[in-house]
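Trainee: I want to check the labels on this model one by one. Can we go through them?
Mentor: Yes. Ask what stands behind each label.

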Amino acid sequence: MDGTWEGFYYQAGHYWHASNQATLWLKEYLQARAPWLPGAILSGFTAVNSIRIIAYVPQILKAARDTNGASAISYTTWLLFLASNLMTIAYAIICIGDLLMAIIFLGNAFACLIIVSVAAFKRHRHQRRANNAFSKPAE
């Protein structure tokens, strides 16, 4: 590498192209030997990501029942999950035109939004109660 940004981008592009070619080769190799594999993978992907929507329910209930302002819920983590799901929706619609995939990830995004919203509500309510407890005069 010649130490310039152009050299860096050239090499990065070369490695990207080479890895993409290897991925395409692997895809063709596997499909030639197991033509059922893409359908099985699509079915598994759809099933796992559909079931994942249900897996959010315990987290939502835990946050809703928490009496410490849902302090165990990380905004950073759940907002990142939300952003990831939103980007997957955009990818599904714009890049590959897959409405079913977009709908599945919309459900996941909605569940993440519910968790963040419940945590925000619980924290706000917990903080308000804590402030009221300190502001009451002693009797």
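Mentor: Start with T88, which has 18% relative accessibility and counts as buried. Keep in mind that the model is predicted.

Trainee: Why is T88 called buried?
Mentor: Buried means under 20% relative accessible area. T88 has 18%, so the label buried applies. T88 lies in helix 3. Its contacts, not counting residues up to four places away in sequence, are M101 and F105.

Trainee: What makes W78 buried or exposed?
Mentor: The cut-off for buried is under 20%. W78 has a relative accessible area of 11%, so W78 is buried. W78 is in helix 3, residues 75–95.

Trainee: Which residues does W78 touch, not counting residues up to four places away in sequence?
Mentor: W78 touches Y56, Q59, I73, C112, I115 and V116. Take C112: 34 residues separate W78 and C112 in sequence, yet their C-alpha atoms are 6.0 Å apart.

Trainee: Which cluster do ring pairs make with W78?
Mentor: Ring pairs link W78 with Y56 and F81. Rings pair if their centres lie within 6.5 Å.

Trainee: How many aromatic pairs does the structure hold?
Mentor: Four. One pair is W25 and Y29, with ring centres 5.2 Å apart and planes at 20°, so this pair is stacked.

Trainee: Why is the pair W25 and Y29 called stacked?
Mentor: A pair of aromatic rings is described by the distance of the centres and the angle of the planes. Take the distance: pairing needs centres within 6.5 Å, and W25 and Y29 have 5.2 Å. Take the angle: stacked needs planes under 30 degrees apart, and W25 and Y29 have 20°. Both tests pass, so the pair is stacked.

Trainee: Where do W25 and Y29 sit relative to each other in helix 1?
Mentor: They are four residues apart in helix 1, so about one helical turn separates W25 and Y29.

Trainee: What are the accessibility labels of W25 and Y29?
Mentor: Exposed means over 50%, and partly exposed lies between 20% and 50%. W25 has 52%, so W25 is exposed. Y29 has 33%, so Y29 is partly exposed.

Trainee: How do you know that R123 lies over the face of Y75?
Mentor: The distance cut-off is within 6 Å of the ring centre, and there is also an angle limit of within 35 degrees of the ring normal. R123 is at 4.3 Å from the ring centre of Y75 and lies over its face.

Trainee: Why is N108 called buried?
Mentor: The limit is under 20%. N108 has 0% relative accessibility, so N108 counts as buried. N108 is in helix 4, residues 99–135. Leaving aside neighbours within four places in sequence, N108 is in contact with N49, R52, I53, Y56 and N85.

Trainee: What makes A70 stand out in its backbone?
Mentor: A70 has a positive phi of about 50°, although A70 is not a glycine. A70 is in the loop between helix 2 and helix 3. Its relative accessible area is 1%, so A70 is buried.

Trainee: Which residues does D66 contact beyond its neighbours within four places in sequence?
Mentor: D66 is in contact with S71 and K122. D66 is also in the loop between helix 2 and helix 3. D66 and H126 are 60 residues apart in sequence and 9.9 Å apart in space, C-alpha to C-alpha.

Trainee: What labels do I51 and Q59 get?
Mentor: Exposed needs over 50%. I51 has 56%, so I51 counts as exposed. Q59 has 27%, so Q59 counts as partly exposed. I51 is in helix 2, and Q59 is in helix 2. Leaving aside neighbours within four places in sequence, Q59 is in contact with I73, W78 and I115.

Trainee: What lines the largest pocket?
Mentor: K27, L30, Q31, L37, P38 and I41. Helix 1 (5–33) and helix 2 (37–65) each supply at least two residues of the lining. By class, the lining has four nonpolar, one polar and one charged residues. The space in the largest pocket is about 150 Å³.

How values were computed. Residues are numbered from 1 along each chain as its sequence is written. This is a predicted model: local features need pLDDT of at least 70, side-chain atom pairs count only at pLDDT 80 or more; totals for chains, interfaces and linings use all residues. Side-chain values use heavy atoms; hydrogens and water are left out. On a 1 Å grid over the protein atoms alone, a cavity is a set of points where a 1.4 Å probe fits but cannot get out, and a pocket is an open set with protein on both sides within 12 Å along at least five of seven lines; lining residues have an atom within 4 Å of a point. Grid points are joined across faces, edges and corners, and a volume is the space filled by probe spheres set on the points. Ala, Val, Leu, Ile, Met, Phe, Trp, Tyr, Cys and Pro count as nonpolar, Asp, Glu, Lys and Arg as charged, and the others, Gly among them, as polar. Rings of Phe, Tyr and Trp (its six-membered ring) pair if their centres lie within 6.5 Å; planes under 30 degrees apart count as stacked, over 60 as edge-to-face and the rest as tilted. Buried means under 20% relative accessible area, exposed over 50%, partly exposed in between (1.4 Å probe, protein chains only). Contact means heavy atoms within 4.5 Å.
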